[in-house]
Amino acid sequence: MRVMEGYAVTVPLLNKFNPFQFYSSSSSSSLVPPKSHLLHNKFSLPFPFIVPSLTTSLNLKHRHHFSSPFCTTTTRALSSSAAEEEDNSDKRCVSGDSIRSRFLKFYERRGHKVLPSASLVPDDPTVLLTIAGMLQFKPIFLGILPPQFPSAATSQRCIRTNDILNVGLTSRHHTFFEMLGNFSFDHYFKKEAILWAWELSTIEFGLAADRLWVSVYQDDDDAFRIWSHEVGVPIERIKRLGQDDNFWTSGVTGPCGPCSELYYDFHPHRGFADADLGDDTRFIEFYNLVFMQFNKKDDGSLEPLKHKNIDTGLGLERLARILQKVPNNYETDLIFPIIEKASELALVSYATADDQTKRNLKIIGDHMRAIVFLISDGVVPSNVGRGYVVRRLIRRVVRTGRLLGIKGDGGGDLEGAFLPIIAEKVVELSTHIDADVKNRAPRILEELKREELRFVQTLERGEKLLEEKLTDAKLNAQRNNTAPCLAGEDVFLLYDTYGYPMEITKEVAEERGVSIDMSGFDIEMEKQRRQSQAAHNTVKLAMGNGANIAGDVPDTEFIGYDSLYAKAIVKSLVANGAPAVQASEGSNVEVFLNKTPFYAESGGQIGDHGFLYIAEGESQPKAVVEIIDVQKSLGNIFVHKGTVRKGVVEVGKEVEAAVDVKLRQRAKVHHTATHLLQAALKKVIGQETSQAGSLVAFDRLRFDFNFHRPLLDSELAEIEGLINGWIQDSTLLQTKIMPLDDAKRAGAIAMFGEKYGEEVRVVEVPGVSMELCGGTHVSNTSEIRGFKIISEQGIASGIRRIEAVAGEAFIEYVNARDFYLKQLCSTLKVKPEEVTTRIENLLEELRVARNENSSVRAKAAVFKASIIANKALLMGNSKQYRILVECMDDVDAESLKSAAEYLIETLPDPAAVVLGSCPGEGKVSLVAAFTPGVIDQGIQAGKFIGQIAKLCGGGGGGRPNFAQAGGRKPENLASALEKAQSELVAALSKEGN
């Protein structure tokens, strides 16, 4: 059967429980398409069958329209059916957005639940960033959480930086990419996954069957048979590969299984002989199927998994390259518009550019996607963790832009930034990847501008450092009578710390007649590469003790919203770090209950404190466990952590769980106050600000938010005023459970770092705040009593932090401040309103006294200097160099400076002065002063005194003619000064001086 243009398309309805079984009016039978129909992609339907008794029109009217150069639509009416015309148009559209949509709809029609992409910041401590589509399903694959649906499909945003140096160099490596995936949780397995992968490739996307190759694990005969016998792939195009290529493991132990991969052949005319699937010039792997069927044990042996799963990944950029018929992933419509914008700013044409220029443009196109989506997901540039990843990418783009000749903003403003301009194009392309990016665009662009302008200053410092390093290299070469060469570690320092491009370093060095130690540079790069690849680039699915406990312990029923007391059963117990059936007095325990009133730490709110009691009689408890922390583990299991204070606690026993009422109230007050604080911040500094972290504790609250500057005192006062006004309004809070989509449409704000199910809890302060939140809250804002900000500070680039107190903690804070003020008034003998004036007067008196004292000390130091001036050594042949190196006992650093200035002005040129002192316990002060005649000999004060200071456990530097330094080892001062004198004598008494 072949579907002709202009005819309505009908397909049989599939049994949702068995995707390979059709319903009919009489009976249902398992129908698998003949291999001939699967192999030759001449059919427009997944299966060449029509069941007249029960068919439905294939309605794709809700698919997206794309106006893209990669869509070949036509205005010719193919039939009277608008839906049919739209389907035909969509089938011919191969834009990246269309491919994503068609993939998800393909699997949705086969019973898969389509889920949104998870954040690039994973809820998993074993990985730094989301690196694979399966990451959000890790608890299901481990058996920790039950699946909420039998199968799922996603388009997952991913970040991988271990191949960063290959970006732009190969046709397929990226730091940011989208992984399309279909997943089965013990629902379907190998046969269905393979058949659907083939159908998707050859029928849905129309790839020529004779261009597709397949790899299977060398021992996976099942996969080989399905591909060859049921799909019909010629065995010449099925490659058996070894464990390194086609056997997936999550770690030393845990779930694992064979893989099968689909490859596209760009050059089928090369034939079958000696075909190598690793040949990037001929093949590209685009679809990977993982058959998770084994558990790897500690001894390395494999045992079959009770529940077998499917984990697949299809690279969106790779499939787009194939379908759009472009030479590499970068020239697809997913990335190329970004490259075009960079080309425009650099005033170059990509089409006519040389290979290096093209590579630089590709780097910008790739990295800008990663940068924008990382910042959108809450990652802020910094020098650690995820922040370092985004900062490194930003700096690489800025460096690359400079190599391309982009100056300033690329539009004439030399003081401007070009990253925000390119980022606007990324935001424009983000609609179908993550709709929230557009809402966060103002913050993203502002962050990029600040980071770029700050880094440009760093680059300029790098230029100065390069100049110093080149000068040193030439001087060393003159002394050693060798060719000048810049050390590899110096080139790497410039590259890694200062962001100075190696290419520019090389170019400048060659202009100055200095070569570069490239082998040394390569060694340093390899060290960094190994460190990068070793850090968080695999998803660990090891099954430890936690998974074993999870098999025995059901989810905990939380009743703590309505009650702070409950009778519960001890379901499991860990004593002093090991599973146990009972624990005695003094044991540190983790108690697992069937239900609990204790709130477990989440959403920034710390866990409840309280007690577990086991009753002996009417009133006497047999055992008491003090609970000092409650955590969620393995999904929704509450872990009550504490100490047995009395008696013995046992598994299976009933306990009375009682939350500390006063501490719970403090947490409720601070949590609601946090919601009010976010609402006030949005009113005062702008709606674009968003939460970047929080802590709700018993004694205070902490709120981190995105903002580019310190808040003004007037802004802080306005925020406090708004919150205290809302408290006085005595507003009743409303709490509702509703579908996530409904909550978002209602305007509810999601809390940072939280994961939400299909139904969510919405906490609303009517007219003020509405947030998705699982925390505990007051019933009425009047319970908060009062609110006070105690600090506001920056904690990272673009991130501010407010700490505040409310409720009982607010009263305690005010009382403590009142007590301190009364003590101060008593000591100063003034009224509260006179304290400021009195302290200012005292500070002024102290400043005058210190200045007088400093002046006296400086004069004394100068007097000492006048006495030792005649101790200067005379060195040299043609010139008489004066060298004075002396210890001035306990003279302070400022007076030491005055003494050196006096001596260098007194002694005739050429002269070198080095002075040292011990101004206090564990302190060393050093100063060097050189006249022009000494500097002309290549001796600079800053570099000289810095090396001497290292002998005293310190460092320092300054100008060529004058520099200061310090140290922490006074016991080494004498030997350090001896070293200074010997080096000066050696340098200035050379032949010719």
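**Entry 1: contacts and overall make-up**

I began with the contacts in this predicted model, and found that, of those with a separation of 6 or more, 67% are between residues 24 or more positions apart. I then looked up the secondary structure, which comes to 27 helices and 38 strands, and the burial, where 50% of the 993 residues are buried.

**Entry 2: the nonpolar cores**

I next asked which residues have the most contacts inside the largest nonpolar core. That core has 109 residues, and the ones I noted are Trp227, Phe286, Tyr287, Met368, Ile371, Leu374 and Leu448. I followed Ile371 further and, leaving aside its neighbours within four places in sequence, found it in contact with Val390, Leu393, Ile394, Val397 and Leu448. A second, separate core has 30 residues, among them Ala679, Leu681, Leu711 and Ala804. As background I wrote down that nonpolar side chains tend to be buried together in soluble globular proteins.

**Entry 3: strand S9 and its partners**

I turned to strand S9, residues 254-265, and asked how many of its residues are buried. The count is 12 of the 12, so I describe S9 as largely enclosed by the rest of the structure. I then went through its pairings in turn. Strand S6 (residues 212-217) is antiparallel to S9 and joined to it by 5 bridges, and within this pair I located Leu212 with Tyr264 of S9 as its bridge partner. Strand S8 (residues 247-249) is also antiparallel to S9, with 3 bridges, and here Phe247 stands opposite Pro258. For strand S10 (residues 283-296) I found 10 bridges to S9, again in the antiparallel sense, with Glu261 placed opposite Asn288 of S10.

**Entry 4: the four-stranded sheet and its helices**

I looked up an open sheet of 4 strands and read its order as S25-S26-S32-S31, with antiparallel pairing. Strand S25 (691-696) and strand S31 (787-796) are the edge strands, each pairing on one side only. From one strand to the next the twist averages 15°. Between S31 and strand S32 (residues 799-806) I found 8 bridges, and I noted Ser791 opposite Glu803 of S32.

Which helices lie across these strands? Helix H19 (residues 661-685) lies across S25, strand S26 (701-706), S31 and S32, and runs at about 30° to S26. Helix H20 (residues 713-728) lies across S31 and S32, with an angle of about 135° to S31.

**Entry 5: Thr130 in its loop**

I placed Thr130 in the loop between strand S3 (113-115) and helix H4 (138-141), and asked whether it is buried or exposed. Its relative accessible area is 2%, and because the cut-off for buried is under 20%, Thr130 counts as buried. Not counting residues up to four places away in sequence, Thr130 touches Ser119, Leu120, Val121, Pro122, Leu135, Gln156, Arg157, Cys158 and Ile159. For one of these, Leu120, I also looked up the C-alpha separation from Thr130, which is 4.8 Å for two residues 10 apart along the chain.

**Entry 6: Glu886, a buried charge**

I found Glu886 in strand S34 (residues 881-887), and asked which side chain of opposite charge is nearest to it. That side chain is Lys871, 4.2 Å away; because a salt bridge needs a distance within 4 Å, I recorded the buried Glu886 as having no salt bridge. Setting aside residues up to four places away in sequence, Glu886 touches Ile868, Lys871, Val914, Leu915, Gly916 and Leu977.

**Entry 7: backbone features in loops**

I closed with three loop positions. Asp889, in the loop between S34 and H24, has a positive phi of about 55° although it is not a glycine. Pro910 is in the loop between helix H24 (893-906) and strand S35 (911-917), and a cis peptide bond, with omega about 5°, joins Asp909 to Pro910. Asp186 lies in the loop between strand S5 (176-185) and helix H5 (190-204); this non-glycine residue also has a positive phi of about 55°, and at 39% relative accessibility I entered Asp186 as partly exposed.

Technical notes:
Residues are numbered from 1 along each chain as its sequence is written. This is a predicted model: local features need pLDDT of at least 70, side-chain atom pairs count only at pLDDT 80 or more; totals for chains, interfaces and linings use all residues. Side-chain values use heavy atoms; hydrogens and water are left out. Helices (H or I, at least four residues) and strands (E, at least two) are DSSP runs, numbered from the N terminus. Buried means under 20% relative accessible area, exposed over 50%, partly exposed in between (1.4 Å probe, protein chains only). Lys and Arg count as positive and Asp and Glu as negative; His and the chain ends are not counted. Contact means heavy atoms within 4.5 Å. Two strands pair if DSSP finds at least two bridges between them. Axes are lines fitted to C-alpha atoms, for helices over the stretch in contact, and angles run from 0 to 180 degrees between N-to-C directions. A nonpolar core is a set of buried Ala, Val, Leu, Ile, Met, Phe, Trp, Tyr and Cys residues joined through side-chain atoms within 4.5 Å.
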